[in-house]
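User: I would like to go through this model label by label. For each one, please set the computed value against its definition before drawing a conclusion.

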Amino acid sequence: MKYPACAEKQIRKPSQKLMSSETPTDSPEVPMENTPFPEVPDVEGKVKSNDNPLERLEAGSGKEECLESMSKRQRKKLLKQKQWEEQKDLRRQKRKEKRQKRKLERQSKLDSSSEGNDRKCMRREVVPSTLRLIVDCSFDDLMVLKDVKKLHKQIQRCYAENRKAFHPVQDIQIRTEHYSELIKKEDLVYLTSDSPDVLRELDEKKAYVIGGLVDHNHHKGITYRKAVELGIGHAQLPLGNFVKMNSRKVLAVNHVFEIILAYLEKRDWKEAFFSVLPQRKGAVPLGEANDSSKHALSGKEDEDNDSDSN
């Protein structure tokens, strides 16, 4: 059958593109419309042809052949995938534990915040005292550096205890001026254990001075002599009226400070003393002096934190 020249050109052009990679033959050219297309396999057949190597390996058929036909990279990948599958339960358990841990942490934060709110409520009930406490820090030249550091720590304790107290004294301030220049002498009372006067009550209009000295009993009576020289009042805490001690009635700066805070709250000297005094002092109620030896420690340990302050 013969085609017109124009039709032959139109048919021949596409056939040339299709057959350009093949060797030329003498077979007659066939129009594009009649060229059959290869059948496309269905989706199921395609999925079956691309089976997961891990599934084929677990199927039990031709395991060795399957491994031998794989490259090193494929085998490595297959091993990782198998390990990942085996550790699935372990990962699930870890995720569960993490969730529980986060839940507990959130609950803990909520509890701590509620405690903080309770503290704020308690803080609103605090009634500050008008009583003033002074730490006399003019004894630096009598102390070595080690003792100066101890005094510094004791003053830090005073500050911390004052913040927690129900009846805190006025805020602690560091002043370069001498306290006798800032407060009237008749309002000053120096607390020293060498004073012959025993303090009965605290006068909240007064300012009480604590000697800031860690001297290990090297400068006995120095705070009392200083009070006399300055011409100001002096007194000792009524420790001997309530407490029997195995050592000198010399307390650290922070102990004197805390005892006064405790008295402002309890209004009872005995309770104030025994709520603050450390066991190493061997302190017992005055009527139980025979049992005091049970609480006594070596004198050296007692002297380490002593301050000639009450």
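User: In which helix is Arg 95 found?

Analyst: Arg 95 belongs to helix 6, which covers residues 88-124, where helices (H or I, at least four residues) and strands (E, at least two) are DSSP runs numbered from the N terminus. The model is predicted, so local features need pLDDT of at least 70 and side-chain atom pairs count only at pLDDT 80 or more, while totals for chains, interfaces and linings use all residues. Residues are numbered from 1 along each chain as its sequence is written, and side-chain values use heavy atoms, leaving out hydrogens and water.

User: Why does Arg 95 count as it does on the scale of relative accessibility?

Analyst: The value for Arg 95 is 43%, and the scale calls a residue buried under 20% relative accessible area, exposed over 50% and partly exposed in between (1.4 Å probe, protein chains only). Arg 95 therefore counts as partly exposed.

User: Which residues form the positive surface patch?

Analyst: The patch is made up of Lys 94, Arg 95, Lys 96, Lys 98, Arg 99, Arg 102, Lys 103 and Arg 106. A patch takes residues with over 30% relative accessible area and no salt bridge, joining like charges within 9 Å and nonpolar side chains (Val, Leu, Ile, Met, Phe, Trp, Tyr) within 5 Å. Lys and Arg count as positive, Asp and Glu as negative, with His and the chain ends not counted, and the place of a charge is NZ of Lys, CZ of Arg, CG of Asp or CD of Glu. The 43% of Arg 95 is over the 30% that a patch requires.

User: How many salt bridges does the structure hold, and what makes Asp 136 and Lys 226 one of these pairs?

Analyst: There are seven salt bridges in the structure, each being a side-chain nitrogen of Lys or Arg within 4 Å of a carboxyl oxygen of Asp or Glu. The side chains of Asp 136 and Lys 226 come to 3.0 Å, N to O, so the pair meets that limit. Since Asp 136 lies in strand 1 (residues 132-136) and Lys 226 in helix 9 (residues 222-230), this salt bridge ties together parts that are 90 residues apart in sequence. Both partners fall under the cut-off for buried, Asp 136 with a relative accessible area of 3% and Lys 226 with 15%.

User: What makes Glu 258 and Arg 157 a salt bridge?

Analyst: Their side chains meet at 3.4 Å, N to O, which is within the limit, so the label applies. Glu 258 is in helix 10 (residues 253-266) and Arg 157 in helix 7 (residues 145-164), so here the parts tied together are 101 residues apart in sequence. Glu 258 is buried at 12%, whereas Arg 157 is partly exposed at 42%.

User: Where do Lys 164 and Glu 161 lie?

Analyst: Both are in helix 7, three residues apart, which is about one turn of the helix. Their side chains meet in a salt bridge at 3.5 Å, N to O. Lys 164, at 58%, counts as exposed, while Glu 161, at 21%, is partly exposed.

User: How many aromatic pairs are there, and why is the pair of Tyr 263 and Trp 269 given its label?

Analyst: The structure holds three aromatic pairs. The ring centres of Tyr 263 and Trp 269 are 4.0 Å apart and the planes stand at 15°, so this pair is stacked; rings of Phe, Tyr and Trp (its six-membered ring) pair if their centres lie within 6.5 Å, and planes under 30 degrees apart count as stacked, over 60 as edge-to-face and the rest as tilted. Tyr 263 is buried at 2%, and Trp 269 is buried at 7%. The rings of Trp 269 and Phe 273, with centres 5.7 Å apart and planes at 25°, are likewise stacked, and these two residues sit four residues apart in helix 11 (residues 269-276), about one helical turn. Phe 242, Tyr 263, Trp 269 and Phe 273 form one aromatic cluster.

User: What is noted about the phi of Arg 267?

Analyst: Arg 267 has a positive phi of about 55° although it is not a glycine. Arg 267 is placed in the loop between helix 10 and helix 11, and its 43% relative accessible area makes it partly exposed.

User: Why is Leu 239 labelled buried or exposed?

Analyst: At 1% relative accessibility, Leu 239 falls under the cut-off and therefore counts as buried. Leu 239 is in the loop between strand 4 and strand 5, and its C-alpha is 8.3 Å from that of Lys 270, although the two are 31 residues apart in sequence.

Terms used
Accessible areas come from the Shrake-Rupley method with a 1.4 Å probe; for residues, only the protein chains shown count as cover.
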